[in-house]
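Biologist: I am new to this structure and would like to know how its labels are justified. Shall we take them one at a time?

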Amino acid sequence: MYPRMAVSSSRIQEVMDTPISINPNEDGITETDSKGYLEFDNVTFAYPGETESPVLHNISFKTKPEETIAFVGSTGSGKSSLVNLIPRFFDVTLGRILVDGVDVRDYNLKALRRKIGFIPQKALLFTGTIQENLQYGKADATIPELDQATEVAQAKEFIASREEGYATHLAEGASNLSGGQKQRLSIARAVVKTPDIYIFDDSFSALDYKTDAVLRRRLKEVTRNAMVLIVAQRVRTIMDADQIVVLDQGEIVGRGTHAELVESNDIYREIANSQLNNQSLTEGE
Ligand SMILES: Nc1ncnc2c1ncn2[C@@H]1O[C@H](COP(=O)(O)OP(=O)(O)O)[C@@H](O)[C@H]1O
Ligand SMILES: [Mg+2]
C-alpha cells in the first residue's frame, strides 16, 4: 500500500500545482445589455500541444435570439470541440467567440458560465443524492422547481419510483442508473438553472425515440426564450432547428435548414438518407 500511496500522492500534488490555463478573469464583464446572441468569428482551434494540427478551421456563424442551431457531422468532425469553446473549457487559437456581443475571454468566467446550461456528451453526475446533483447549477432551487425540471426532462417518474425519491443516493459515476436516466438527470439539472444558452452535446443519444421526441417537445416550451445549441447524430433530433451547420473534418461544409440542406448539400443528404425514409426526408418542408 505504501509505495502506491507515495506514487499517487505525488501525482495528486502535480495536478494541484498545475496552473489553470484558462484565465478566470475575475475583473471581467459580468452583465451585458443584449441577450441571446452567439457569434463565431473565424475561429481556428488546436488542442494545447498540438498546434500543428487544428481540429477546427475558420469557423464563422451567427445566431439570433431564441434560435435553435444544430451541428451535425461524423464522429471526430469537431462538434464537441466547437461547443466546448463557448464555456471556455478551452480557448480559441485564432479568431474569437462572442456571447451577447462580448468576447468570451472578456467575461468574468463565472458570469459567463452562469449564462450557460451545458449538457455534456457523457452525463457527469456526482456521488451524492439526486437532489444535490440537480441543485448543482442553482443551490437554492426549490422542490417545485426540481419537480418542473424533472418533469420536462422525463425524469420525474423514475425518481418517484425510487423509495427515497430526490434523496436517492447516486453511486460513483451514477452506476446505479441507466445511460438514459443519467442523460435525463443531466438535462434536468440544466433546466433547473434556467440559463440563457442551452448546449446539448449529443445529450439525446441514449434515449429511445419516443422519450427523445416527448422530451424535446417539452424542452421547447422551457427553452423558448433561450438560445439552444444541439449537437446530434440523429437527423430526426435536429431537423426542425432554425439553422443546421454541417461539419466535416473541422470545417463548415454546409449551413441552412433541413429542407435547404437536403436540397443542396451532399454530405447532409447522405446522413439524412441513411437515417430517414424518403417520406420523412421532406417532412420539414
Ligand atoms: N482533449 C483532446 N485533446 C486532443 N485532441 C482531441 C481532444 N478531444 C478531441 N480531440 C480530437 O479532435 C477532433 C474532433 O473531435 P471531437 O470534437 O470530439 O469531434 P465530435 O464531437 O464531432 O465527434 C478529433 O480528431 C479528436 O481526436
Ligand atoms: Mg462529440
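Modeller: Donors to a metal are N, O and S atoms within 2.8 Å of it. Keep in mind that this is a predicted model.

Biologist: What makes Ser80 and Gln121 the residues that coordinate the magnesium ion (ligand 2)?

Modeller: Ser80 (OG) and Gln121 (OE1) lie at 2.0 to 2.5 Å from the ion, and the cut-off is 2.8 Å, so both count as donors. Serine 80 belongs to helix H2 and glutamine 121 to the loop between strands S6 and S7, so the pair ties together parts 41 residues apart in sequence.

Biologist: Why is serine 80 called partly exposed?

Modeller: Its relative accessible area is 22%, and partly exposed lies between under 20% for buried and over 50% for exposed. Glutamine 121, at 43%, is partly exposed too.

Biologist: How do you know that serine 80 has a polar contact with ligand 1?

Modeller: An N or O atom of the serine 80 side chain is 2.9 Å from an oxygen atom of ligand 1; the limit is 3.5 Å, so the pair counts. For the side chain of lysine 79 the distance to a ligand oxygen is 2.8 Å. The protein covers 60% of the 560 Å² of accessible area that ligand 1 has on its own.

Biologist: What makes helix H7 largely enclosed?

Modeller: Twelve of its 15 residues are buried, so the rest of the structure largely encloses H7. Among them are Leu185, Ile187 and Val191.

Technical notes. Residues are numbered from 1 along each chain as its sequence is written. Chains are lettered from A and ligands numbered from 1 in the order in which they are written. This is a predicted model: local features need pLDDT of at least 70, side-chain atom pairs count only at pLDDT 80 or more; totals for chains, interfaces and linings use all residues. Side-chain values use heavy atoms; hydrogens and water are left out. Donors are N, O and S atoms within 2.8 Å of the metal (3.2 Å for Na, K and Ca); water is not among the atoms, so sites may look incomplete. Helices (H or I, at least four residues) and strands (E, at least two) are DSSP runs, numbered from the N terminus. Buried means under 20% relative accessible area, exposed over 50%, partly exposed in between (1.4 Å probe, protein chains only). A polar contact is a pair of N or O atoms within 3.5 Å; within protein, one must be able to donate a hydrogen and the other to accept it, and residues adjacent in sequence count only if both atoms are side-chain atoms. Accessible areas come from the Shrake-Rupley method with a 1.4 Å probe; for residues, only the protein chains shown count as cover.
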